[in-house]
Amino acid sequence: MTTTVYARVESPLGELLLVGEVGADGPDAAGADGVRLRSLSMPGQKGGAVVQDGWRHAPEAFAEVARQLEAYFAGRSTRFDVPLAEGAGTEFQRRVWAALESIPYGSTVSYGEVAARVGASGAGVRAVGTAIGRNPLLVVRPCHRVIGADGALRGYAGGLERKKLLLGIEDGAG
């Protein structure tokens, strides 16, 4: 049986809501803190998580995630190494999200490039954009690195100002 836990952490993007799962199998099957991250969302985010009845407030469970986020925002870390909860999204969404995880720190790609990577070019670009918009792990799964073919910032569930801020951090201007 899994328990849903959550915590809030401050960041340059505002207060982030971290949601995770702690299983009966404990820390060995998850991270050092025993949690698998299911969601990272920010204030006002389209489709962001909302604390539910029955969830347990457990900031200690997210100590490692919080440490990695702090290092990322300070420009001291370029990647995240946290256990993620499985089972979210459709098979297509999971393919798109895996493509996001392969975009190197400090790089950007177009929606069309992501579509080509998952075999959904042409009309599939819109479906890729929808899948990216449903990414439950903002920042950790770097959907902010996907931009328009013309180089313009487009569609970010956390808002374009936050997307710009994240890209600025990765460009050394954070």
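The following dialogue concerns a predicted model and the terms used to describe it.

Colleague: What kind of model is this, and which residues count for local features?

Modeller: The model is predicted; local features need pLDDT of at least 70 and side-chain atom pairs count only at pLDDT 80 or more, while totals for chains, interfaces and linings use all residues. Residues are numbered from 1 along each chain as its sequence is written, and side-chain values use heavy atoms, with hydrogens and water left out.

Colleague: Why is V139 called buried?

Modeller: Buried means under 20% relative accessible area, exposed means over 50%, and partly exposed lies in between, with a 1.4 Å probe and protein chains only. V139 has a relative accessible area of 1%, so it is buried. This residue is found in the loop between α4 and β6. Its phi is near 75 degrees, a positive value in a residue other than glycine.

Colleague: Why is R154 placed in a class other than buried?

Modeller: The relative accessible area of R154 is 38%, which falls between the two cut-offs, so R154 is partly exposed. R154 is found in the loop between β6 (146-147) and α5.

Colleague: What makes the pair R154 and D150 a polar contact?

Modeller: A polar contact is a pair of N or O atoms within 3.5 Å; within protein, one must be able to donate a hydrogen and the other to accept it, and residues adjacent in sequence count only if both atoms are side-chain atoms. The side chains of R154 and D150 make such a contact at 2.7 Å, and the side chains of E21 and R38 make one at 3.3 Å.

Colleague: Which residues does R154 touch, leaving aside its neighbours within four places in sequence?

Modeller: Contact means heavy atoms within 4.5 Å. By that rule R154 is in contact with Y111, V146, G148, L160 and K163. E21, which is found in strand β2, touches T2, T3, G34, V35, R36, R38 and A85, not counting residues up to four places away in sequence.

Colleague: Why is β2 described as largely enclosed?

Modeller: Helices (H or I, at least four residues) and strands (E, at least two) are DSSP runs, numbered from the N terminus. Seven of the eight residues of β2 are buried, so the strand is largely enclosed by the rest of the structure.

Colleague: How do you know that β2 pairs with β1 and with β3?

Modeller: Two strands pair if DSSP finds at least two bridges between them. Eight bridges join β1 to β2, and these strands run antiparallel; five bridges join β2 to β3, also antiparallel. Both counts meet the criterion, so both are pairs. Among the bridge partners, V5 is matched with G20 in β2, and V19 with S39 in β3. The hairpin of β1 and β2 has six residues between the strands, and there G14 takes a positive phi near 110 degrees.

Colleague: Why are β3 and β4 (56-57) said to stand at the edges?

Modeller: The open sheet has four strands in the order β3-β2-β1-β4, with mixed pairing. β3 and β4 each have a single partner strand, so one side of each is left without a neighbour in the sheet.

Colleague: What covers the buried residues of α1?

Modeller: The buried residues of this helix (residues 63-73) are V65, Q68, L69, A71, Y72 and F73. Their cover includes β1 (2-9), β2 (16-23), β3 (36-41) and α5 (160-170). Just after α1, G75 takes a positive phi of about 80 degrees.

Colleague: What makes a space a pocket, as opposed to a cavity?

Modeller: On a 1 Å grid over the protein atoms alone, a cavity is a set of points where a 1.4 Å probe fits but cannot get out, whereas a pocket is an open set with protein on both sides within 12 Å along at least five of seven lines; lining residues have an atom within 4 Å of a point. The largest pocket is lined by 20 residues, of which K46, T130, G133, R134 and A157 lie nearest its centre. The largest share of that lining, four residues, comes from α4.

Colleague: How is the lining of the largest pocket divided by class?

Modeller: Ala, Val, Leu, Ile, Met, Phe, Trp, Tyr, Cys and Pro count as nonpolar, Asp, Glu, Lys and Arg as charged, and the others, Gly among them, as polar. The lining of the largest pocket divides into eight nonpolar, ten polar and two charged residues.
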